[in-house]
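Subject: Structure for your review

Dear colleague,

I am handing over the structure below for you to look at. My notes on what was found follow it.

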Amino acid sequence: MSCALARACVLGLLALGATGAAGAATDPAALRRGEAVYARCAACHAIEGHRTGPQHCGLFGRLAGTAPGFEGYSKALKQSHITWDARTLDLFLQNPTKAVPGTAMGYAGVKDPQERADLIAWMAEATRPGEACRPRP
Ligand code: HEC
């Protein structure tokens, strides 16, 4: 990064800080913790392929209830108009049945904010279609 202009440097640093959920995604320890939290989801989910719940490959930027080939969505989730990103996942995962009343996801949620942040940072990396995973019907 060229620092000929002090302002450009400051903006550059801000941009660096903003990437990856406030730096969490660049912290390998946080990613490892996030992967460990995902073990709770693996009873029903996989990154690649549908189980009781839909696959998570390609989750970020996807409209809720639209993983191709998954038939088990509730009407509530399909009609929620949520687009999945770090913020909407944080809200949903804190308390799924409160965030989307009528959801078919029978899971109490991840109550610890740090655990959620680590989980979401790990998922942002692990669900990148074509890079980290391949969507499977
Ligand atoms: C008991 C099974 C179960 C567990 C455990 C579970 N889920 Fe789910 N999940 C589901 C089901 C079923 C759905 C579909 C919900 C609906 O349609 O209302 C779902 C939906 C989702 C969605 C929306 C996906 C989409 O395509 O719109 C996300 C995101 C999600 N789960 C994340 C997680 C995470 C992260 C965990 C672990 C912290 C987890 N789930 C734990 C069963 C589960």
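Helices here are DSSP runs of H or I with at least four residues, numbered from the N terminus. Please keep in mind that this is a predicted model.

Overall fold. The chain has six helices and zero strands, so its pattern along the sequence reads α-α-α-α-α-α under that definition. Of its 137 residues, 27% are buried. If one takes the contacts between residues at least 6 apart in sequence, 54% of them join residues at least 24 apart.

Ligand surroundings. The shell around the ligand holds 26 residues, and those that come nearest are C41, C44, G53, S74 and L77. Two or more residues of this shell are given by each of α3 (75-78) and α4 (86-94). By type, the shell divides into 17 nonpolar residues, eight polar and one charged.

One residue in a loop. H81 lies in the loop between α3 and α4, the two helices already named for the ligand shell. The backbone of H81 has a positive phi of about 60 degrees, although H81 is not a glycine. Is H81 buried or exposed? H81 has 8 other C-beta atoms within 10 Å. The cut-off for an exposed residue is 12 or fewer, and H81 is therefore exposed.

When you open the model, the loop between α3 and α4 is where to find H81, and C41, C44, G53, S74 and L77 are the residues to display around the ligand for those that come nearest.

Regards

How values were computed
Residues are numbered from 1 along each chain as its sequence is written. This is a predicted model: local features need pLDDT of at least 70, side-chain atom pairs count only at pLDDT 80 or more; totals for chains, interfaces and linings use all residues. A residue is near a molecule or strand if its C-beta atom, placed from the backbone, lies within 6 Å of it. Ala, Val, Leu, Ile, Met, Phe, Trp, Tyr, Cys and Pro count as nonpolar, Asp, Glu, Lys and Arg as charged, and the others, Gly among them, as polar. A residue is buried if 20 or more other C-beta atoms lie within 10 Å of its own, exposed if 12 or fewer, and partly exposed in between; C-beta atoms are placed from the backbone. Two residues are in contact if their C-beta atoms, placed from the backbone, lie within 7 Å.
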